[in-house]
2 protein chains.
Amino acid sequence: MIDVRNIETYPPKSVVKEEIESETKKMVKEIGELSRIFEADKSHSLLIVLQGMDSSGKDGISRKIFRNVSPTVICEYGFKKPSPEESNHDFLWRVHKQVPEKGHFKIFNRSHYEDVLVQRVHNWIDEEKVAKRFKAIRDFEDLLEFDGNTTILKFFLHISHKKQQEKLNERIEKLEKNWKYNPNDFKESELWDKYMDAYNDVVNQDGVQWHIIPADKQWYRDYNVAKVVRDTLKKMDLKYPKIDI
Amino acid sequence: MIDVRNIETYPPKSVVKEEIESETKKMVKEIGELSRIFEADKSHSLLIVLQGMDSSGKDGISRKIFRNVSPTVICEYGFKKPSPEESNHDFLWRVHKQVPEKGHFKIFNRSHYEDVLVQRVHNWIDEEKVAKRFKAIRDFEDLLEFDGNTTILKFFLHISHKKQQEKLNERIEKLEKNWKYNPNDFKESELWDKYMDAYNDVVNQDGVQWHIIPADKQWYRDYNVAKVVRDTLKKMDLKYPKIDI
């Protein structure tokens, strides 16, 4: 059993920032090159799920890791508070509409996992429903994989409570971060322990792989996400399809 | 009256490729920086319409001009042959669903203009319907502008017939371009003159601004598109919103 509280949010002392940054730069370029073959190959789709507490860097990942991937190939969808229409459907209804088609990447900034996180932390759903949702999520992800040839990469951006509070305060102090300020984030932050319990259940589900990314330092967070994405694309053995004329 | 046949598809002799490329590079960076304030400012949306004959470089524009814009901010939608469901609605139904929200860029790779181009060239619609559609397009774009604060930038990527044929042939000859090969493109290419007539009517509509971009050389095409986008963003006087706490 994983307890995220026991997992470091900081880079290990042995790594050198400059080396990591230069490695990330190379991988970001590789991801761009591979994305062009991915588009042409048109047999896979890639779904990148970004979860993490407020200010853990979900937006930063999109900007930094995928800078060489064309908007023709990649698109992000941010899940916010469900609309009344969305709430009047099952929790996967709005999610299913957003999954990537073949030849495309999709980033989920938050995802269907919020429905077993924020909703659980606030006791908006009971434990029976939580269990049923976990099963529904597994079935849903299986479906995408076997019938859509979708690869799903799930990242938990793991930031420390202390670092989060620093970053939330920056949103008040720095003008260019003001637009991200939301007083509600501070309230949610007080529920830290309940969130960590809920995340523990998420990352410990049977047969579901999560990448837990130390997120206190952007450069190390970016490196680890880029590595998973680059390695995944490489393993796909993508090819430019050859036509017979 | 503009006749696109009289407009150069080639860069003027006076320009120097290296200077243009270094200018483009600077502008692409600026577009990235401005896009971050655009996202925070959240009062505008930007719609980029890319039209042009096959192989005029619509995909290339997305990849090259917007490389510093995060997938959080930008997304592309490619309009293909309408599905049966789409055909059973008015021609703007599927288009309206794709327009950008505030704080976002959207690229239309082809657009509602195909409904007065390909459909007209093949005589699938009569001239009365063409006229009505032109009016509907104007009203639709007005709506986006006055009620969505959407800025619409329309680009006609203007390639010569000769250059197009070279590029279509490359799709047969070069393995990494094979995936773009479509025998139908050659048939459409034979209708060149009818297409140019139809484009003339598009770019000459009253009160509608088109940017006609010489597209035979990628580096000059990219420069001219980047310049329009950069200048447009600059004029918006974007600001990071300041909060009072």
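**A disulfide across two chains**

B:Cys75 is buried, with a relative accessible area of 15%. In this predicted model, the residue is a useful place to begin, for B:Cys75 forms a disulfide with A:Cys75, and the two sulfur atoms are 2.1 Å apart. The link is left-handed, with -110° about the S-S bond. The pair crosses between chains: A:Cys75 belongs to strand β2 of chain A, while B:Cys75 belongs to strand β2 (residues 74-78) of chain B. The partner cysteine, A:Cys75, has a relative accessibility of 15% and therefore also counts as buried, since the limit is under 20%. Over all chains, the count comes to 1 disulfide.

From this link the reader may turn to the contact around it. The contact draws 28 residues from chain A and 28 residues from chain B. The size of an interface is often expressed as the accessible area that is lost when the parts come together. Here, chain A and chain B bury about 2,700 Å² between them, and 64% of that area lies on carbon and sulfur atoms. Within chain A, the residues that lose the most area to chain B are A:Arg63, A:Pro71 and A:Trp179, which together account for 23% of what that side buries.

Which elements of chain A give two or more residues to the side that touches chain B? They are the helices α1 (17-41), α2 (58-65) and α7 (161-173), together with strand β2 (74-78). By class, this side of chain A is made up of 14 nonpolar, 5 polar and 9 charged residues. Between chain A and chain B, the count of salt bridges is 0. The count of residue pairs in polar contact between the two chains, with both residues at pLDDT 80 or more, is 6.

The surroundings of single elements can also be followed within chain B. Helix α2 (residues 58-65) of chain B has as its buried residues B:Lys58, B:Gly60, B:Ile61, B:Ser62 and B:Ile65. Among the elements of chain B that cover these buried residues are the helices α1 (17-41) and α10 (218-235). The cover also includes the strands β1 (45-52), β2, β3 (105-109) and β4 (150-158) of chain B.

Strand β4 of chain B holds B:Lys154. Is this lysine buried or exposed? B:Lys154 counts as buried because its relative accessible area is 4%, and buried means under 20%. Leaving aside residues up to four places away in sequence, B:Lys154 touches B:Val49, B:Tyr113, B:Glu141, B:Val208, B:Gln209, B:Trp210 and B:His211. With one of these, B:Glu141, the side chain of B:Lys154 makes a polar contact of 2.7 Å.

Two loop residues of chain A complete the tour. A:Lys42 is found in the loop between α1 and β1 (45-52) of chain A. Although A:Lys42 is not a glycine, its phi is positive, at about 50°. This lysine is partly exposed, with a relative accessible area of 49%. A:Asn123 lies in the loop that runs between α5 (118-121) and α6 (127-148) of chain A. A:Asn123, which is not a glycine, has a positive phi of about 60°. At 56% relative accessibility, A:Asn123 counts as exposed, because the class begins over 50%.

Note on methods. Residues numbered from 1 in each chain as written. Chains lettered and ligands numbered in written order. Predicted model: local features only at pLDDT ≥ 70, side-chain atom pairs only at ≥ 80, totals over all residues. Heavy atoms only, no water. Contact = heavy atoms within 4.5 Å. Buried area = accessible area lost by both parts, 1.4 Å probe. Salt bridge = Lys/Arg side-chain N within 4 Å of Asp/Glu carboxyl O. Polar contact = N/O pair within 3.5 Å; in protein donor to acceptor, adjacent residues only side chain to side chain. Helix = DSSP H or I, 4+ residues; strand = E, 2+ residues; numbered from the N terminus. Nonpolar A, V, L, I, M, F, W, Y, C, P; charged D, E, K, R; others polar. Disulfide = S-S within 2.5 Å. Buried < 20%, exposed > 50% of the residue type's maximum accessible area, 1.4 Å probe, protein only.
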